[in-house]
Amino acid sequence: MSSEFLIAIFTGTVVSATPLIYAALGELVAERAGVLNLGVEGMMLIGALAAFAVGVSTGSLWLGYLAAAIASMLMALLFGFLTITLQTNQVATGLALTLFGLGLSAFAGRPFTGMPIEGLHALRIPFCSDIPIVGPLLFRFDAAVYGSILIYLLIDRVLGRTRAGLQLRAVGESPAVAHALGQPVARTRYLAVMFGGAMSGIGGAYLSTAMTPMWVEGMSAGRGWIALALVVFATWKPLRVLLGAYLFGGVTILQLNAQGLGVHVPSEILSMLPYAATIIVLVIICRDPKTILLNQPASLGKSFHPDA
Amino acid sequence: MREWPWRLERRASPSGVMRIAAPLLAAFAMLATGLLVFAFLGKDPLNALQVFFVKPLDSAYGVGELLLKATPLALCGLGLALGFRANVWNIGAEGQLTLGAICGGGVALFCSAALGKFAIPVILLAGILGGAAWAAIPALLRTRFNTSEILVSLMLVYIAQLLLSFLLHGAWRDPEGFNFPQSKAFDDALILPVLIEGQRATLAFVLMLVLAVASWVFSSRLFAGFRMLVSGQAPAAAAYAGFSEPRNVWLALLLSGGAAGLAGVCEVIGPIGRLQTDISPGYGFAAIIVAFVGRLHPVGIVLAALLMSLLYLGGESVQLELQLPAAVTGLFQGLLLFYLLAADLFVRFRIAHVPRAVAVA
């Protein structure tokens, strides 16, 4: 096996993990605040479409990413209004958000189907990108890949080491206690959900502008749901989200390159791998009820009424 | 500071009237939004609305189509609602529907000759068992390994669709089908009879109505249904009464999986007449909306399925007549569920008028 092939496998893994990292880290923040948003898939699709549409119309992918973050944040705001202010069931509302996102993006995306777009460029970092082996391995990604690492560092730091992060976790563990201590439960949850939305949007944007630079109806193909599974797999810890996403990226890339590796299995069966892998890792993590009990935010999925 | 003289006030008990009125309110909000969307797209909104909601039904054939598309929606919705009431979130009806089509279609392709006149019942049974078996996976994983049935049932949708595609690109492909990924057409004797000559609605519609009655009996007259309801509404009470949670999970998933499987097999030995890669325009997902809009009640679900079916027909109608994308259907479906969830606010709350003087004091 040539070193070029191994490098291609490695970089492919990182690239296909990137949208999962954004979406799963965003969802992790929302869930740590106690809100389960099953609308990730819908928000990713809206983000993918917004980035593509704005990217094509303005010629600026940066504006596209901004539009993706804003559009998906608005979707999340809608979800927040329903679940936090109107206290609707989080599971049902999240499903509604996904179905709405699927419908809206399919409808609004019609004119953009089949259009070409110039995808996100790999960065050329002077000197570093030209080092043999290490250069292509680490220093030739696009900006969004490095951005995903920065976001991880930021979230890990803020959640674990700052006052704001502690407040957010308190709201997720026990909103009643946080409220009694004068913490703004609703505001914290709104902000966490909207942050999650923006991240899902950027994850979606990466799909339509970098991984496969085009708009296809339903192009997220379950990645939003895989991101939700990753948060459970990671037992709500940011570093494990990162590792889990690379694991999934690896499965996806190995499946795509299996023919090249001399594995003769029909492509449909290979395409099942990421979904089957999701089920398998969920079983491994959830097998012991204590793992979930100890790590899951205690109020996850439950509405909070200050007057009750 | 000036106070808004209207306030949301918690009702002493949930309003029964609003529970029924909320879906109607949501449907009207959806219509109003539809007007805006059509106007925004540069069409005469009233005309577009007429083309979307009235035109599809102006012939007997159109009404038949309405019943045809409502059948799988109601079948899936009836099953899902049993689970939703028990807090079991099967959202993979689309996958169970696909497995039902694969199993029933497989029997139709390979064993029908040996079965003689029992072929159709056996094919239907194979579809039900296929859907139930696919739903048994999330049931097993939730009861045995504590794994979320939401994520597992959804992942299985993708796997089921890939499985169907695998079969149709390989072993089950029609050798004379010009390499299209589809099986050969089923024998005429295996196709479900239509209800009225010249229309496409089949016997499956009647089966669906029978199942709707059965599901009403199950959930409101049988103890097993009561146990599921208590587990959903008051898990602590259910545990105290000794109701077995695993049993409810199994029951909810097997029943909803079987119903979705039946929906799938009725599509392939009904209007489609063969196995092909696209057997459902998202019926299994739309059925989630059907279940909620129908208030998880069999009568409501049948009505909601008719409405949802009309949304599919309307999408085709505006595409044909006004050159608008048929995807407007998905938009309306999503909006309907959102509006319903928002309208549900009024089940628990009401708007009360607060005189300003009192508000200040």
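A:Gln87 counts as partly exposed, because 16 C-beta neighbours lie inside 10 Å. The cut-offs are these: a residue is buried if 20 or more other C-beta atoms lie within 10 Å of its own, exposed if 12 or fewer, and partly exposed in between, with C-beta atoms placed from the backbone. This is a predicted model, where local features need pLDDT of at least 70, side-chain atom pairs count only at pLDDT 80 or more, and totals for chains, interfaces and linings use all residues. Residues are numbered from 1 along each chain as its sequence is written, while chains are lettered from A and ligands numbered from 1 in the order in which they are written.

**Two positive phi angles**

A:Gln87 sits in the loop between helix H3 (61–85) and helix H4 (90–108) of chain A. Helices (H or I, at least four residues) and strands (E, at least two) are DSSP runs, numbered from the N terminus. The phi of A:Gln87 is positive, about 60°, although A:Gln87 is not a glycine. Most residues other than glycine have a negative phi. B:Asn146 has a positive phi too, about 70°, and is not a glycine. Its place is the loop between helix H6 (119–145) and helix H7 (149–169) of chain B. B:Asn146 is partly exposed, because 18 other C-beta atoms lie within 10 Å.

**Residues in helices**

Here are three helix residues.

| Residue | Helix | Other C-beta atoms within 10 Å | Class |
|---|---|---|---|
| A:Leu293 | H14 (residues 289–295) of chain A | 10 | exposed |
| B:Ala114 | H5 (residues 112–115) of chain B | 9 | exposed |
| A:Leu137 | H5 (residues 134–138) of chain A | 16 | partly exposed |

A:Leu137 touches A:Ile7 and A:Phe10, not counting residues up to four places away in sequence. Touching, or contact, means that the C-beta atoms of two residues, placed from the backbone, lie within 7 Å. The C-alpha atoms of A:Leu137 and A:Ile9 are separated by 9.9 Å, with their positions 128 residues apart along the chain. A:Leu293 and A:Thr235 are 58 residues apart along the chain, and their C-alpha atoms are separated by 9.9 Å. B:Ala114 and B:Val206 are 92 residues apart in sequence and 27 Å apart in space, C-alpha to C-alpha.

**Helices of chain B**

How far apart are the end C-alpha atoms of helix H4 (residues 93–110) of chain B? They are 25 Å apart, which agrees with the 26 Å expected for 18 residues at 1.5 Å a residue. The expected span is 1.5 Å times one less than the number of residues. H4(B) is largely enclosed by the rest of the structure, because 15 of its 18 residues are buried.

Helix H2 (residues 45–53) and helix H13 (residues 298–322) of chain B pack at about 125°, with their axes 7 Å apart. In H2(B), B:Ala48, B:Val51, B:Phe52 and B:Phe53 take part in this contact. Their partners in H13(B) include B:Leu310, B:Gly314 and B:Leu322.

**Core and chain contact**

The largest nonpolar core has 219 residues. Such a core is a set of buried Ala, Val, Leu, Ile, Met, Phe, Trp, Tyr and Cys residues joined through C-beta atoms within 7 Å. Among those with the most contacts inside it are A:Ala24, A:Leu230 and B:Ala74. The residues that B:Ala74 touches include B:Met208, B:Val290 and B:Ala305, not counting residues up to four places away in sequence.

The contact between the chains takes 36 residues from chain B and 36 residues from chain A. H6, H7, helix H12 (283–293) and helix H14 (328–343) of chain B each supply at least two residues of the side that touches chain A.

Key
Axes fitted to C-alpha atoms, helices over the stretch in contact; angles between N-to-C directions.
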